[in-house]
Amino acid sequence: MEKLPQHDTALLPSLRKGDRRAYATLVELYYVELCRYAANLSRDAYKAEDIVQNVLIRLWEKRERLHPELDLKRYLYRAVYNEFVDQYRKEMATTALEKKYIEELDAYLEKEDPERIERLMEIVHREIDRLPAKCRETFLLSRKEGLTYGEIAEHMGVSVKTVETQMTKAFALLREKVGEKLQSLLFLLFGGQGSVVL
């Protein structure tokens, strides 16, 4: 049996015709990296697999309607992001500020290369790990745990002013490494927790 080509532009015609081998090859090519991307978004490996499986099932269901010149990889990354946002919206009532960030993210992701976004997210993770210990703890309590500055101050036994100083320092260090897209990337990583960027 002839082996199918290992790149999506060649797979697309076969996929649109309902070739199950093309679909299996596509899954083999992208499942792991899409799960990694979804896990970066959701911070939950099990939820990430659900997101990717939903996207791949829908891709198969609408295979005949796929545009002949579709960039499959970009489409899949975008679909994973959309599925994440849909689940996020269902799970919690989004605030006006969160809706604003989601809209900004939509515009950002529409024109940005998915692999570059993933690389930037990995950089953010790495740079958070490299923050000074107290600075990192303060930052994660705010962004990951969603605590207010007052709650963080009480938890750490410091003043609110100290918390503000540590957060300002953390944002300055991260923005230096990542640039102006920091807020969008932090929203991808942590959702709407601690939305204010100083």
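Let me start with Leu141, which sits in helix H7 of what is, I should say at once, a predicted model. With a relative accessible area of 11%, Leu141 falls under the 20% limit and is therefore buried. If we set aside residues up to four places away in sequence, Leu141 touches Gly146, Leu147, Ile152, His155 and Met156. Leu141 and Glu151 are ten residues apart in sequence, and their C-alpha atoms are 9.1 Å apart in space.

Staying with H7, which covers residues 133-143, I would like to turn to how this helix meets H9, residues 160-178. Their axes come within 9 Å and cross at roughly 95 degrees, which means that H7 is roughly perpendicular to H9. On the H7 side the contact is made by Lys134, Cys135, Thr138, Phe139, Ser142 and Arg143, while H9 contributes Val163, Gln166, Met167, Lys169, Ala170, Phe171 and Leu174.

H9 also meets helix H8, residues 149-156, and here the axes come within 8 Å and cross at roughly 105 degrees. H8 and H9 are therefore also to be described as roughly perpendicular to each other. Which residues make this contact between H8 and H9? From H8 they are Tyr149, Gly150, Ile152 and Ala153, and from H9 they are Val160, Val163, Glu164 and Met167. If you have the structure open, please look at Val163 and Met167 of H9, which are listed in the contact with H7 and again in the contact with H8. Ile152 is worth a second look too, since this residue of H8 takes part in the contact with H9 and is also touched by Leu141.

Let me step back to the overall picture for a moment. The protein has ten helices and zero strands, so that, by the way these elements are assigned, reading along the sequence gives the pattern α-α-α-α-α-α-α-α-α-α. Of its 198 residues, 43% count as buried, and the accessible surface comes to about 11,000 Å², of which 50% belongs to carbon and sulfur atoms. Among the contacts between residues at least 6 apart in sequence, 66% join residues at least 24 apart.

Now to helix H2, residues 20-42, where there is a kink of about 45 degrees centred on Tyr30. The N-terminal end of H2 is capped by Asp19, with a side-chain oxygen 2.8 Å from the backbone nitrogen of Arg21. Arg21 appears a second time, through its backbone oxygen, which the side chain of Thr25 reaches at 2.8 Å. Thr25 itself belongs to H2 and, at 11% relative accessibility, counts as buried. Following H2 comes Arg43, whose phi is positive, near 60 degrees.

Also in H2 is Arg36, and is this residue buried or partly exposed? Its relative accessibility is 41%, and Arg36 therefore counts as partly exposed. Not counting residues up to four places away in sequence, Arg36 touches Glu118 and Glu122, whereas for Arg36 and Glu49, which are 13 residues apart in sequence, the C-alpha to C-alpha distance is 8.9 Å.

Glu122 brings me to Leu185, because the two are 63 residues apart in sequence and 9.9 Å apart in space, C-alpha to C-alpha. Leu185 is placed in helix H10, residues 182-190, and its relative accessibility of 0% puts it in the buried class.

The last stop is helix H4, residues 72-91, where I would point to two residues, Arg74 and Glu83. Arg74 is partly exposed, with a relative accessible area of 28%, and its C-alpha lies 8.9 Å from that of Glu115, at a separation of 41 residues in sequence. Glu83, by contrast, counts as buried at 8% relative accessibility. What does the side chain of Glu83 make a polar contact with? The partner is the side chain of Asn54, at 2.9 Å. Leaving aside its neighbours within four places in sequence, Glu83 is in contact with Ile51, Asn54, Val55 and Arg58.

Methods
Residues numbered from 1 in each chain as written. Predicted model: local features only at pLDDT ≥ 70, side-chain atom pairs only at ≥ 80, totals over all residues. Heavy atoms only, no water. Bend = angle between axes of the 7 residues up to and from the residue. Helix = DSSP H or I, 4+ residues; strand = E, 2+ residues; numbered from the N terminus. Polar contact = N/O pair within 3.5 Å; in protein donor to acceptor, adjacent residues only side chain to side chain. Buried < 20%, exposed > 50% of the residue type's maximum accessible area, 1.4 Å probe, protein only. Contact = heavy atoms within 4.5 Å. Areas by Shrake-Rupley, 256 points an atom, 1.4 Å probe, with all protein chains shown as cover. Axes fitted to C-alpha atoms, helices over the stretch in contact; angles between N-to-C directions. Parallel < 35°, antiparallel > 145°, perpendicular 65-115°, else oblique.
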